Structures are given as C-alpha cells and as structure tokens.
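Work through the exercises below with the sequence and the structure side by side, and try each task before you read its solution.

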Amino acid sequence: INLAHDSYDADRPAVVERARAAGVARMIVTGSTLDSSRRALALAREWPGVLYATAGVHPHHATELAATDRGAFLDLLAQPEVV
C-alpha cells in the first residue's frame, strides 16, 4: 500500500482502520525514495504488527538516488519493521 504518499495525509488512520475492519491483518507500506522509505518506517512504528515497510527506490526515482544515500538505506534495511 502506498500509505506514505501525501494523498493519505487527511485520512490515513481511517484508511488503516477500514482495512482492519475489512479483515486485513497486515499491510506493507512501500518506500519509493529515501524520504518515503523513512516515512514508511515511521508509519510501521505507529501501527506495530499491522504495518510493515519497504525501503527502496522506484525506477521512476532512480535519477534522484545519490551514492551518499547508500548508508541511509542500509540503516533502514536493518530495522525490524522493514521487510
């Protein structure tokens, strides 16, 4: 789920609760840039055991990736909420 996207800012908790009410037990929040990967991790920490995160770069954002971002991604990948 692209729950880290700003289009969910107004109703993110409601979206999660509606999904849970519909029987969705776990969701994986996608990270498509370094910033959105960080946001995905933060969301996973807000809903432990319900949300998990990915950390990566979507091909559309590949040109934004800097060599200096490698360490930040490695730190994200070491977090237990990142799958």
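**Exercise 1.** Which residues is Ser37 in contact with, leaving aside its neighbours within four places in sequence, and is Ser37 buried or exposed?

*Solution.* Begin by locating the residue in this predicted model: Ser37 is found in helix H2. Next, list its contacts beyond four places in sequence, which are Gly31, Ser32, Thr54, Ala55, Gly56, Phe73 and Leu76. Then turn to accessibility, where the cut-off for buried is under 20% relative accessible area; Ser37 has 1% relative accessibility, so the residue counts as buried. Finally, look at a distance along the backbone: the C-alpha atoms of Ser37 and Ala53 are separated by 7.3 Å, although the two residues are 16 residues apart along the chain.

**Exercise 2.** Describe how H2 and H3 pack, and state which residues of the two helices meet.

*Solution.* Start with the geometry, in which the axes of H2 and H3 are 11 Å apart and the packing angle is about 20 degrees. That angle makes H2 roughly parallel to H3, since angles under 35 degrees count as roughly parallel. As for handedness, H2 passes H3 in a left-handed crossing. Now name the residues: from H2 come Leu34, Ser37, Arg38 and Leu41, and these meet Ala72, Phe73 and Leu76 in H3. Sorted by character, the residues of this contact divide into 5 nonpolar, 1 polar and 1 charged.

**Exercise 3.** How many salt bridges does a search of the whole structure find, and where do the pairs Arg38 and Asp35 and Glu81 and Arg45 lie?

*Solution.* The idea behind the search is that side chains of opposite charge can pair when their charged atoms come close. The search of the whole structure finds 4 salt bridges, and three pairs are taken here in turn.

- In the pair of Arg38 and Asp35, the N to O distance is 3.7 Å. Both residues belong to helix H2 (residues 34–46), and because they are 3 residues apart there, about one helical turn separates them. Arg38 is partly exposed, with a relative accessible area of 42%, whereas Asp35 is exposed, with 58%.
- Between Glu81 and Arg45, the salt bridge has an N to O distance of 3.4 Å. Glu81 lies in the segment after helix H3 (70–77) and Arg45 lies in helix H2, so this pair ties together parts that are 36 residues apart in sequence. Arg45 counts as partly exposed, at 44% relative accessibility.
- Asp9 and Arg12 also meet through their side chains in a salt bridge, with 2.7 Å from N to O. Here Arg12 is buried, with a relative accessible area of 6%.

**Exercise 4.** Where do Glu64 and Ala62 lie, and how far in space is each from Thr33, C-alpha to C-alpha?

*Solution.* First place the residues: Glu64 lies in the loop between strand E2 (51–53) and H3, and Ala62 also lies in the loop between E2 and H3. Then take the distances, remembering to keep separation in sequence apart from separation in space. The C-alpha atoms of Glu64 and Thr33 are separated by 8.1 Å, with their positions 31 residues apart along the chain, while Ala62 and Thr33 are 29 residues apart in sequence and 8.4 Å apart in space. Not counting residues up to four places away in sequence, Glu64 touches Thr33 and Asp69. Last comes accessibility: Glu64 is exposed, with a relative accessible area of 52%, and Ala62 counts as partly exposed, at 43%.

How values were computed. Residues numbered from 1 in each chain as written. Predicted model: local features only at pLDDT ≥ 70, side-chain atom pairs only at ≥ 80, totals over all residues. Heavy atoms only, no water. Buried < 20%, exposed > 50% of the residue type's maximum accessible area, 1.4 Å probe, protein only. Helix = DSSP H or I, 4+ residues; strand = E, 2+ residues; numbered from the N terminus. Axes fitted to C-alpha atoms, helices over the stretch in contact; angles between N-to-C directions. Parallel < 35°, antiparallel > 145°, perpendicular 65-115°, else oblique. Left-handed = near helix turned anticlockwise from the far one by under 90°. Contact = heavy atoms within 4.5 Å. Nonpolar A, V, L, I, M, F, W, Y, C, P; charged D, E, K, R; others polar.
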